[in-house]
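Work through these exercises with the structure open beside you. Try each task before reading its solution.

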Amino acid sequence: MGDAEVAKLLRRGEGWLEAHPEQAWIASRYLKRRRPLVRQALAQLAPEEDSTDGNGTPEAKESAPERPMRLHDQRLAAVMQVVAEHKPERVLDLGCGEGKLLRLLLRESTAAHILGMDVAHRSLERAKERLQLDRLPERQRDRLRLLHGSLLYRDARLGGFDLAAVVEVIEHLDPPRLAAFERTVFAYARPKTVVVTTPNREYNALFPSLPAGTMRHPDHRFEWTRAEFQAWAEGLAEAHSYAVTFSPIGPVDATHGAPTQMAIFTQIAEGQTR
Ligand code: SAH
């Protein structure tokens, strides 16, 4: 009876226990009334602060046109599916923002070392608050580190990871700087698996609130079609000895594809042929 039981409870409760009115009673019964464990479980189940603004609309990170579809939640679920399949012990969240994915990663008991990195101090501060790190039990808190840094520069602290998530980040980089990002992640850090998500521009035609020809968020520097993203990802994989597969995220439209595109890069071990 320990952390593993807490993790099991959280896994089994996923999707219903977070919102269950008898959550405390259920956790207490399941964990045989061991107070520290119950507290730990309840801390992790705590409703996300600011995930809605009181009107039931998701946090600001979800850009306005995407909001009715809760695309951000769908993206995170898709990334967590990849995490569940790979069971990484050391995980990076690059461009972690305010830490929504980090919160989900903390629930994966196999993820013993989690590192969230962002260039924006303010986002890291928000992540720290939202995750309530100082209220987590020490063993949980020790699994997570937040790091200030830029993906445009080589960073030794990013080496040796099993999986890196780069969720809705590349479209925030100026196109001439993409090459620097590619080097940082694929030439230097070289996680075994890299998951990259980005909007599919073709799908924009289906957002009623988005004027034709505009992007989903004012800070987006570009949005790619499926063909553009695939060409980029395939070139990148080829150049750095990764294999890449693609998966759409969200409802797939026959003409326009899905709202979000995801590429999963897997490092090809030396000596292995493609
Ligand atoms: N991954 C998060 C945040 C996406 S928003 C999520 O899915 O919610 C894009 C994030 O990338 C922002 O938090 C921004 O600060 C970060 N970012 C932009 N340029 C960056 C850079 N050069 N290095 C690291 N992070 C960067």
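## Exercises on a predicted model

The shell around the ligand contains eight nonpolar, six polar and three charged residues. The model is predicted.

**Exercise 1. Find which residues are closest to the ligand, and list polar contacts to the ligand.**

Step 1. Start with the shell. It comprises 17 residues. The closest are His72, Gly95, Asp118, Leu151 and Val167.

Step 2. Take the side chain of His72. One of its N or O atoms is 2.9 Å from an oxygen atom of the ligand.

Step 3. Turn to backbone atoms. A polar backbone atom of Val167 is 2.9 Å from a nitrogen atom of the ligand. For Val119, a backbone N or O atom lies 3.4 Å from a ligand nitrogen.

Step 4. Check the cover. On its own, the ligand has 570 Å² of accessible area, and the protein covers 87% of it.

**Exercise 2. Sort residues of helix H3 into buried and exposed, then say what covers the buried ones.**

Step 1. Helix H3 spans residues 35–45. Its buried residues are Leu37, Val38, Gln40, Ala41, Gln44 and Leu45.

Step 2. Look down the axis. These buried residues lie on the same side of H3, because they cover an arc of only 160 degrees around it.

Step 3. Go to the other side of H3. Arg35, Pro36 and Arg39 are exposed there.

Step 4. Identify the cover. It includes helix H1 (3–12), helix H2 (23–30), helix H5 (100–106) and helix H7 (138–141).

**Exercise 3. Is Arg107 buried or exposed? Which residues is it in contact with, leaving aside neighbours within four places in sequence?**

Step 1. Locate Arg107. It lies in the loop between H5 and strand S2 (113–118).

Step 2. Apply the cut-off. Buried means under 20% relative accessible area. Arg107 has 12%, so it counts as buried.

Step 3. List the contacts, with those sequence neighbours left aside. They are Leu10, Glu14, Glu18 and Gln44. Gln44 is also one of the buried residues of H3.

**Exercise 4. Describe the surroundings of Gln261.**

Step 1. Gln261 sits in strand S7 (residues 260–267). Its relative accessible area is 6%, so it is buried.

Step 2. Find a polar partner. A polar atom of the Gln261 side chain lies 3.1 Å from the backbone oxygen of Trp224.

Step 3. Widen the view, leaving aside neighbours within four places in sequence. The contacts of Gln261 include Val196, Pro199, Asn200, Arg226, Phe229 and Ser247. Trp224 is among them too.

**Exercise 5. Compare the loop positions of Arg33 and Ser241, each with a positive phi.**

Step 1. Recall the background. Most residues other than glycine have a negative phi.

Step 2. Check Arg33. Its phi is near 60 degrees, a positive value. Arg33 lies in the loop between H2 and H3. It is exposed, at 58% relative accessible area.

Step 3. Check Ser241. Its phi is about 60 degrees, also positive, although it is not a glycine. Ser241 is in the loop between helix H9 (226–240) and strand S6 (242–249). It counts as partly exposed, at 31% relative accessibility.

**Exercise 6. Where is Glu129, and how many residues separate it from Gly99 in sequence?**

Step 1. Glu129 is in helix H6 (residues 121–131). Its relative accessible area is 43%, so it is partly exposed.

Step 2. Count along the chain. Glu129 and Gly99 are 30 residues apart in sequence. In space, they are 9.5 Å apart, C-alpha to C-alpha.

Note on methods. Residues are numbered from 1 along each chain as its sequence is written. This is a predicted model: local features need pLDDT of at least 70, side-chain atom pairs count only at pLDDT 80 or more; totals for chains, interfaces and linings use all residues. Side-chain values use heavy atoms; hydrogens and water are left out. A residue is near a molecule or strand if one of its heavy atoms lies within 4 Å of it. A polar contact is a pair of N or O atoms within 3.5 Å; within protein, one must be able to donate a hydrogen and the other to accept it, and residues adjacent in sequence count only if both atoms are side-chain atoms. Accessible areas come from the Shrake-Rupley method with a 1.4 Å probe; for residues, only the protein chains shown count as cover. Ala, Val, Leu, Ile, Met, Phe, Trp, Tyr, Cys and Pro count as nonpolar, Asp, Glu, Lys and Arg as charged, and the others, Gly among them, as polar. Buried means under 20% relative accessible area, exposed over 50%, partly exposed in between (1.4 Å probe, protein chains only). Helices (H or I, at least four residues) and strands (E, at least two) are DSSP runs, numbered from the N terminus. The arc is that of the directions from the helix axis to the C-beta atoms. Contact means heavy atoms within 4.5 Å.
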